[in-house]
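Let's work through this one in questions and answers. Have the sequence and the structure ready.

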Amino acid sequence: MDEKLKEKLDEVGSKIDDKVEEKALEYDIPKWAVWLGGAIAVSVIIKILF
């Protein structure tokens, strides 16, 4: 994998994780619950589109 691509993916992943942590603190729920909710939402959207 190209090093620049890997760095960009790591950067995006860190930004997403920061947002997840922010929402978890805002709603006083565990981070895994935010990730799970996001994963379910994305899978529903994909199912609707395809």
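**Salt bridges and surface**

Tutor: At 37% relative accessibility, Glu11 counts as partly exposed. Keep in mind that this is a predicted model. Which residues are linked with Glu11 in a network of salt bridges?

Student: Glu11 meets Lys8 in a salt bridge, 3.8 Å from N to O. Glu11 also meets Lys15, at 3.6 Å. The network therefore links Glu11 with two partners: Lys8 and Lys15.

Tutor: Which helix holds Lys8 and Glu11?

Student: Lys8 and Glu11 are three residues apart, about one turn of the helix. Glu11 and Lys15 are four residues apart, again about one turn. The helix holding Lys8 and Glu11 is α1, residues 3–27.

Tutor: How far apart are the closest N and O atoms of Lys23 and Glu26?

Student: Lys23 and Glu26 are three residues apart in helix α1, so about one helical turn separates them. A salt bridge needs nitrogen and oxygen within 4 Å. Lys23 and Glu26 form one, with their closest N and O atoms at 3.4 Å.

Tutor: Is Ile48 buried or exposed?

Student: Ile48 lies in helix α2, residues 31–49. Ile48 helps make a nonpolar surface patch of about 550 Å², together with Trp32, Leu36, Ile40 and Val44. Exposed means over 50% relative accessible area. Ile48 has 67% relative accessibility, so Ile48 counts as exposed.

Tutor: What radius of gyration does the chain have?

Student: The chain has two helices and zero strands. Of its 50 residues, 4% count as buried. A compact globule of 50 residues would have a radius near 10 Å, but the chain has 14 Å.

Note on methods
Residues are numbered from 1 along each chain as its sequence is written. This is a predicted model: local features need pLDDT of at least 70, side-chain atom pairs count only at pLDDT 80 or more; totals for chains, interfaces and linings use all residues. Side-chain values use heavy atoms; hydrogens and water are left out. The radius of gyration is taken over C-alpha atoms; the globule rule is 2.2 Å times the number of residues to the power 0.38. Buried means under 20% relative accessible area, exposed over 50%, partly exposed in between (1.4 Å probe, protein chains only). Patches are made of residues with over 30% relative accessible area and no salt bridge: like charges are joined within 9 Å, nonpolar side chains (Val, Leu, Ile, Met, Phe, Trp, Tyr) within 5 Å. Accessible areas come from the Shrake-Rupley method with a 1.4 Å probe; for residues, only the protein chains shown count as cover. A salt bridge is a side-chain nitrogen of Lys or Arg within 4 Å of a carboxyl oxygen of Asp or Glu.
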